[in-house]
2 protein chains.
Amino acid sequence: MNAKLAEIVKYAHNPISEYDLLVEKLIKQGKEIIKLNQGDPAIFFKTPKHIIEAYKRALDEGHTNYSSIEGVSELRNKIKERYHNLYNLDFDEERVIITNGVSEAIMFLNNAYINKNDNVLILSPFYPIYIPFAKMRGARIIFDKYEEINDEWTINTERIEKIAKNKKIKYMVLINPNNPTGAVLSEDKLDEIARIAKKNNILLISDEIYDEIVYNGAKFHSISEFVDDQPYIIFNGFSKDYDATGFRLGYAIFPNKDSLSNKLLDAFIKLASLRISSNTPAQYAMAYALDDEKEHKNEIYKMRKEIEKRTNFLTEGINGIRGMHAVRPRGAFYIFASIDKKVFKVKDDKDFVYKLLIKKSLYLSPGSGFGMKDYVRFVSLAPQEILEKAINLLNEFEKGA
Amino acid sequence: MNAKLAEIVKYAHNPISEYDLLVEKLIKQGKEIIKLNQGDPAIFFKTPKHIIEAYKRALDEGHTNYSSIEGVSELRNKIKERYHNLYNLDFDEERVIITNGVSEAIMFLNNAYINKNDNVLILSPFYPIYIPFAKMRGARIIFDKYEEINDEWTINTERIEKIAKNKKIKYMVLINPNNPTGAVLSEDKLDEIARIAKKNNILLISDEIYDEIVYNGAKFHSISEFVDDQPYIIFNGFSKDYDATGFRLGYAIFPNKDSLSNKLLDAFIKLASLRISSNTPAQYAMAYALDDEKEHKNEIYKMRKEIEKRTNFLTEGINGIRGMHAVRPRGAFYIFASIDKKVFKVKDDKDFVYKLLIKKSLYLSPGSGFGMKDYVRFVSLAPQEILEKAINLLNEFEKGA
């Protein structure tokens with residue numbers, strides 16, 4: 001049988017769920033697994049009541065048919081208002097496309113803009129899903145690294161500028177606030193990046209999905225505050241700020257009207273037309289929920305405070321373990337911790353995650369999946385008693401117990 | 001700027017929404033457009049109350065977080081039961097993957113199985129979305145045609161067998177009941193196709209999304225009743241039978257456990273892992289709704305009867321128009337009618353659709369988008385008074401009024 005699979009399947013891999021099948025098996029064997037691998041706030045914080053009610057209203061109103069390819073007008077309008085209110089950014093409703101999570105926006109980006117051997121620039125560590133969609137299109141991925149300086153993760157704009165000068169880069173991705181480091185970029189860095197992208201004709205992708213989840217004194221700035229008349233796309237969604245991961249609603253904004261932005265917007269819509277629309281009642285739900293700004297402010301304030309507390313608690317715990325070190329995050333809900341292979345007697349980060357899972361029933365994500373070996377990623381969303389247990393398990397693990 | 005779009009964008013095109021932008025413009029100008037272009041039952045038949053209630057229950061129960069990549073176990077189990085009850089087909093729950101509509105399943109199929117220059121066999125007329133996803137992967141599409149014989153659309157298995165012998169075909173698609181012809185294949189034809197596919201090592205794709213919408217004396221048979229120990233995939237979903245298009249939930253079943261089926265199932269899951277999960281509350285909604293078989297039988301019976309009535313009424317009306325002819329459908333809710341270009345004084349089917357829209361505010365889909373020129377597709381879901389208006393408009397259009 002001519003049964004050869006597509007070559008691109010080899011790139012289809014999500015390291016966050018690397019050991020999911022094993023975890024399922026262990027659970028079936030009666031083990032209790034502490035999962036700190038998936039960034040899903042809706043597991044630990046109930047999706048706000050006003051959003052649930054808005055969803056039910058959408059259903060009662062009969063919004064159960066296909067909606068428009070680009071997303072329902074009511075929701076696109078609310079997104080426009082949101083970016084106006086938060087970042088003083090103005091654009092037409094027509095510049096927003098609703099997607100099935102940011103994942104779909106990432107897929108559209110690569111299907112719309114990448115041909116074989118095109119260069120794209122991605123900073124490690126990164127949200128893993130950016131890689132497979134680029135590779136499936138034949139992109140060459142150029143990596144540069146975040147650095148740990150003065151107990152903060154940050155980017156090296158000088159080095160990025162050199163890369164941008166020497167290679168023809170089609171797009172570059174900023175994930176800010178960052179998954180997995182929790183870094184929030186300064187105004188200076190964002191300004192530099194916008195300038196470098198413009199000067200070198202690089203399409204700028206700003207993934208701002210954690211924009212309302214910053215703490216420890218950090219202030220988030222949207223890339224839109226720094227760009228000039230240059231092409232850029234903002235990715236965002238309702239999974240994190242609105243604690244509604246299961247709705248699978250993201251969006252892409254093309255604020256500027258330069259020719260590339262226009263062409264890409266058009267290409268996104270064409271690609272989106274192949275799947276008709278996103279879930280319709282969920283779109284109306286978010287449109288109605290965004291009407292209630294006061295309720296949202298209240299909810300995000302509480303969640304942010306709690307995430308700050310849990311993240312700081314877990315970071316401190318990690319830093320108390322021999323052979324581990326983590327920078328204190330200032331955004332999102334992840335901690336990216338280095339591991340000393342000698343101390344833990346492991347081959348690499350994957351081996352660490354595997355052994356920790358088997359021996360101690362604690363499930364983390366290997367750093368190599370995010371582009372940095374010898375690190376692991378923690379999700380800091382669980383309640384303090386669970387985080388405490390995790391720290392104890394890690395201490396036992398370090399001691400070889 | 002190195003601003004060349006991806007070459008594959010040129011394939012991303014959905015002919016069903018070909019003139020959507022124009023329609024929007026006309027509506028803004030105050031025109032009332034009769035849209036018989038989109039196969040969306042939820043516009044004309046309210047999504048059943050028990051499904052809405054099930055959705056609200058899912059929300060109340062807090063099913064708002066990411067769910068598993070493959071889909072929630074509760075729903076996959078119900079799908080397994082459904083195929084057992086309806087077609088006496090048995091498979092493990094693990095052989096089902098929930099997708100964002102059948103569209104996503106079509107995308108996975110091509111991303112999982114197609115390399116450049118692989119041949120695939122598609123029968124015209126076809127559901128248009130099969131084409132772009134195959135072309136975006138570089139497939140060569142071999143077409144064969146449905147034929148109008150004895151006032152029925154059917155397939156020519158002799159010719160298909162010849163093609164299968166002469167070309168290495170990787171997969172072949174059956175859409176049964178058919179969109180856009182309304183054909184329901186006989187047991188003999190299905191048996192022949194299963195045999196041809198097995199003999200020639202062709203993966204068989206059976207798109208059965210209209211399986212419960214057959215009438216005018218037709219009986220639907222699933223391909224699963226005729227296959228042997230050979231690889232095949234069933235595509236289905238909740239948009240049509242359950243009148244819930246806006247939920248965007250489809251599924252793919254890999255009933256057999258041959259090596260290709262196993263490899264493809266694994267590849268689908270890997271590809272699905274890149275978008276984490278489908279909308280979670282909608283999945284639970286359908287799991288709960290499928291529990292209530294009695295309610296569903298009641299609802300689908302009413303809808304089927306009504307669709308039969310409307311479809312027959314519209315077919316008769318079409319056949320009363322000079323220069324048009326349509327076979328009476330036996331499934332789904334489309335009528336695929338030929339047009340006489342001379343009678344209507346049009347260049348082609350696109351010109352027909354465009355002029356009818358501009359002059360008479362009636363919106364159909366051009367047959368060429370479904371692989372057959374000189375045809376147009378009608379959706380027969382609207383109430384009789386609207387269908388009557390449409391027929392009057394067509395009569396006026398024919399008379400040049």
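The second largest cavity in this model has a volume of about 70 Å³. The model is a predicted one. I start with this cavity and then go to the larger one and the interface.

Residues of both chains line the second largest cavity. From chain A these are A:N100, A:F247, A:R248, A:L249 and A:N279. From chain B they are B:N100, B:F247, B:R248, B:S277, B:S278 and B:N279. By class, that lining has six polar, three nonpolar and two charged residues.

How many cavities of 30 Å³ or more does the structure hold? There are six. The largest cavity contains about 450 Å³ of space. Its lining counts 25 residues, and those nearest the centre are A:M107, A:N111, A:F133, B:M107 and B:N111. Which elements give two or more residues to that lining? They are α5 (101-113) and α6 (130-136) of chain A, together with α5 and α6 of chain B. The largest share comes from α5(B), with five residues. Sorted by class, the lining of the largest cavity has 14 nonpolar residues, six charged and five polar.

Now the interface. Chain A and chain B each put 72 residues into the contact. The area buried between the two chains is about 5,900 Å², and carbon and sulfur atoms give 59% of that area.

On the polar side, 35 residue pairs are in polar contact between chain B and chain A, counting pairs with both residues at pLDDT 80 or more. The chains are also joined by two salt bridges. A salt bridge links A:K56 and B:D60, with 2.7 Å between the closest N and O atoms.

Next, the side of chain B that touches chain A. The elements of chain B giving two or more residues to that side are α2 (41-44), α3 (49-60), α5 (101-113), α6 (130-136), α9 (259-273) and α10 (280-291). Which of them gives the most? That is α9(B), with seven residues. The residues on this side of chain B divide into 36 nonpolar, 23 polar and 13 charged.

One link between the two parts of the talk. In chain B, α5 and α6 are among the elements on the side that touches chain A, and α5 and α6 of chain B also give residues to the lining of the largest cavity. For the second largest cavity, the lining likewise includes residues of both chains, among them A:N100 and B:N100.

That is what I have on the cavities and the interface.

Key. Residues numbered from 1 in each chain as written. Chains lettered and ligands numbered in written order. Predicted model: local features only at pLDDT ≥ 70, side-chain atom pairs only at ≥ 80, totals over all residues. Heavy atoms only, no water. Contact = heavy atoms within 4.5 Å. Buried area = accessible area lost by both parts, 1.4 Å probe. Salt bridge = Lys/Arg side-chain N within 4 Å of Asp/Glu carboxyl O. Polar contact = N/O pair within 3.5 Å; in protein donor to acceptor, adjacent residues only side chain to side chain. Helix = DSSP H or I, 4+ residues; strand = E, 2+ residues; numbered from the N terminus. Nonpolar A, V, L, I, M, F, W, Y, C, P; charged D, E, K, R; others polar. 1 Å grid on protein atoms, 1.4 Å probe; cavity = no way out; pocket = protein on both sides within 12 Å on 5 of 7 lines; lining within 4 Å. Points joined across faces, edges and corners; volume = space filled by probe spheres on them.
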